[in-house]
Amino acid sequence: MASAVAKGRLLPLLAVAAALAAVILYGAPFSKSLGGEGCSLLPHDHFWIASERVVALGRVGPAAVEVKGGLINAIAVGDYRSFLLRRPVVDYGDAVIMPGLIDVHAHLDEPGRVEWEGFSTGTKAAAAGGITTLVDMPLNSYPSTVSEETLKLKVDAARDKLYVDVGFWGGLVPENAFNPSALESLLKAGVLGLKSFMCPSGINDFPMTNSTHIEEGLVTLAKYKRPLLIHAERIPDIESDDGLNGDLDPRSYATYLKSRPPAWEEAAIRDLQRAMKDTKIGGRSEGAHIHIVHLSDSKTSLDLLKDAKHNGAKVSIETCPHYLAFSAEEVPDGDTRFKCAPPIRDATNRDSLWEALLDGHIDMLSSDHSPSAPELKLMEEGNFLRAWGGISSLQFVLPVTWSYGKKYGISLNQLASWWSERPAMLAGLKNKGAILPGYHADIVVWKPEEQFQLDDGHAVYHKHRNISAYLGKELSGKVLSTFVSGNLVFAEDQHAKAACGAPILAE
Ligand SMILES: NC(=O)NC(NC(N)=O)C(=O)[O-]
Ligand SMILES: [Zn+2]
Ligand SMILES: [Zn+2]
């Protein structure tokens, strides 16, 4: 098995344990020092972790991973046990060792709305769920991250509160879209890219943009080679009133579903045709990249995006676990925990989303963790039209993707691609998103087969556990350990004492 992987595939072979022909060792060129006191539950900065199922180098199999100074230093592929005698090693048996998840779409709501989530609880939940990096959305905090100054407020608010690494998206809003120097100062200050809405965002200081704002913003983004993430729903110029006449029961999920039809996603994507074309080689914003967040409509909207990609536009697509796990048919009336925008659609739509993900038309997954204060979910009243829209899911996305994906035959390598490799590329995170020598030792160790009930006895680190639509579900996939830059930040239902995650700022 070892030699099959080694054959000319990847990195230079720096050393081979001569006594053990079965072990192939890949080495890294440099190392970086670890964080300080209390950062890790493991008292070493040089150690090995090993298991029968390491997801690395394009395969899943027995291997040991050497972690040194926060980086992956080497990978010994094959029968590692005798090789590791007398070395500090954690042998995880048949648990899976996989790259940590990178969640490119989470709303942590700090500063300004810590009563919704906050950096501390949000990143503790991430660590407990095997997420090692997340990128925070520019809205739902107050103020929104739309300028150099407001980014500074974010970074200041995050100090000493991060249990995992956190990057930041900035906002593209009408106020800065036609002002390249304002956008440049935001980009120079370190946001990893920008995000905009094509419909009202629900947040006053984050107004929506039209396609002209977007086309202008992309020209500046092209210079920096950073992406624009777009919430692609737009109220069509002529709204059909299908089904929206007659009695509207705001507790009925059908009412909500009809209020945001696939035509909204389609209208936004049609409106983006010119912007997408501009990203092509030779186009006005060549070098820029459009990323469609949380795609729900797997029909015309997806077809239009597939065409754009096929014609050379630089476009990527994400969807979220809730669109893959749930269907409109099963959302109980009045259960506003399931309210999000765009909405969760019918089961046929869900199956087609899975198909598109498996076929590579959808590139990656994200949580779109968007909690609020519980009162705003109006759970007693159950009013879908007035409740806060957003699914609370951060800690659960790995077991959810796995549990609901099993019946579609997903593999561990696909999980690593959708949750680590592709998101790292989107966010421009070099040295993250894979278990490779020289990369950050950002790793999740988990047991896919272990089932658990997400009941009252289960530790949930989100600020508000009861607003999550996943509560009460039986899931498969228990996270044992999470490493961020070699620090064991979560293990056995415990977090490291100190919050040593790093803010990530683009250079
Ligand atoms: N203001 C929000 O957080 N909105 C979010 N809400 C959802 N998805 O329901 C989003 O990402 O659009
Ligand atoms: Zn959105
Ligand atoms: Zn969102």
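Student: In this predicted model, are H231 and H294 buried or exposed?

Tutor: A residue counts as buried when its relative accessible area is under 20%, and this is the class to be checked for both histidines in the predicted model. H231 belongs to strand β12 (residues 227–231), while H294 sits in the loop between β13 (289–292) and α10 (300–310), so the two are 63 residues apart in the chain. Despite that separation in sequence, H231 and H294 fall into one class, namely buried.

Student: Which residues coordinate the zinc ion (ligand 2), and through which atoms?

Tutor: The two coordinating residues bring together distant parts of the chain, one from strand β12 and one from the loop between β13 and α10. Both bind the zinc ion (ligand 2) at 2.1 Å, and the residues, with their donor atoms, are H231 (ND1) and H294 (NE2).

Student: Which arrangement do the 4 donor atoms around the zinc ion (ligand 2) make?

Tutor: Four donors count as tetrahedral if all angles lie between 85 and 135 degrees, and as square planar only if opposite donors are over 155 degrees apart. Around the zinc ion (ligand 2) the angles run from 55 to 144°, and the arrangement is therefore irregular.

Student: Which residues coordinate the zinc ion (ligand 3)?

Tutor: The donors of this ion follow the spacing H-x1-H-x260-D along the chain, which ties together parts 261 residues apart in sequence, with H107 in the loop between β7 (101–106) and α2 (119–128) and D368 in the loop between β15 (364–365) and α13 (397–405). H107 is buried at a relative accessible area of 4%, and D368 is buried as well, at 8%. At 2.0 to 2.1 Å from the zinc ion (ligand 3), the coordinating residues are H105, H107 and D368.

Student: How far apart are the zinc ion (ligand 2) and the zinc ion (ligand 3)?

Tutor: The zinc ion (ligand 2) is held by H231 and H294, and the zinc ion (ligand 3) by H105, H107 and D368. The distance that separates the two ions is 3.8 Å.

Student: What share of the area that ligand 1 exposes when taken alone does the protein bury?

Tutor: Ligand 1 is surrounded by 15 residues, of which the closest are N140, H231, A341, D368 and S370. One of its oxygen atoms is 2.8 Å from an N or O atom in the side chain of N140, and a nitrogen atom of ligand 1 is 2.7 Å from an N or O atom in the side chain of D368. A nitrogen atom of ligand 1 also lies 3.2 Å from a polar backbone atom of S201. Taken alone, ligand 1 exposes 320 Å², and the share of this that the protein buries is 97%.

Student: Which residue's side chain does S316 join in a polar contact?

Tutor: S316 is part of strand β14 (residues 315–319), and its relative accessibility of 5% is why this serine counts as buried. The polar contact spans 2.7 Å, within the 3.5 Å limit for such pairs, and it joins the side chain of S316 to that of H289.

Student: How many of the 9 residues of α13 are buried?

Tutor: The buried residues of α13 include V397, L398, P399 and W402. The helix is mostly covered, and of its 9 residues the number buried is 8.

Conventions: Residues are numbered from 1 along each chain as its sequence is written. Chains are lettered from A and ligands numbered from 1 in the order in which they are written. This is a predicted model: local features need pLDDT of at least 70, side-chain atom pairs count only at pLDDT 80 or more; totals for chains, interfaces and linings use all residues. Side-chain values use heavy atoms; hydrogens and water are left out. Donors are N, O and S atoms within 2.8 Å of the metal (3.2 Å for Na, K and Ca); water is not among the atoms, so sites may look incomplete. Helices (H or I, at least four residues) and strands (E, at least two) are DSSP runs, numbered from the N terminus. Buried means under 20% relative accessible area, exposed over 50%, partly exposed in between (1.4 Å probe, protein chains only). A residue is near a molecule or strand if one of its heavy atoms lies within 4 Å of it. A polar contact is a pair of N or O atoms within 3.5 Å; within protein, one must be able to donate a hydrogen and the other to accept it, and residues adjacent in sequence count only if both atoms are side-chain atoms. Accessible areas come from the Shrake-Rupley method with a 1.4 Å probe; for residues, only the protein chains shown count as cover. Four donors count as tetrahedral if all angles lie between 85 and 135 degrees; four count as square planar and six as octahedral if opposite donors are over 155 degrees apart and all others between 65 and 115; anything else is irregular.
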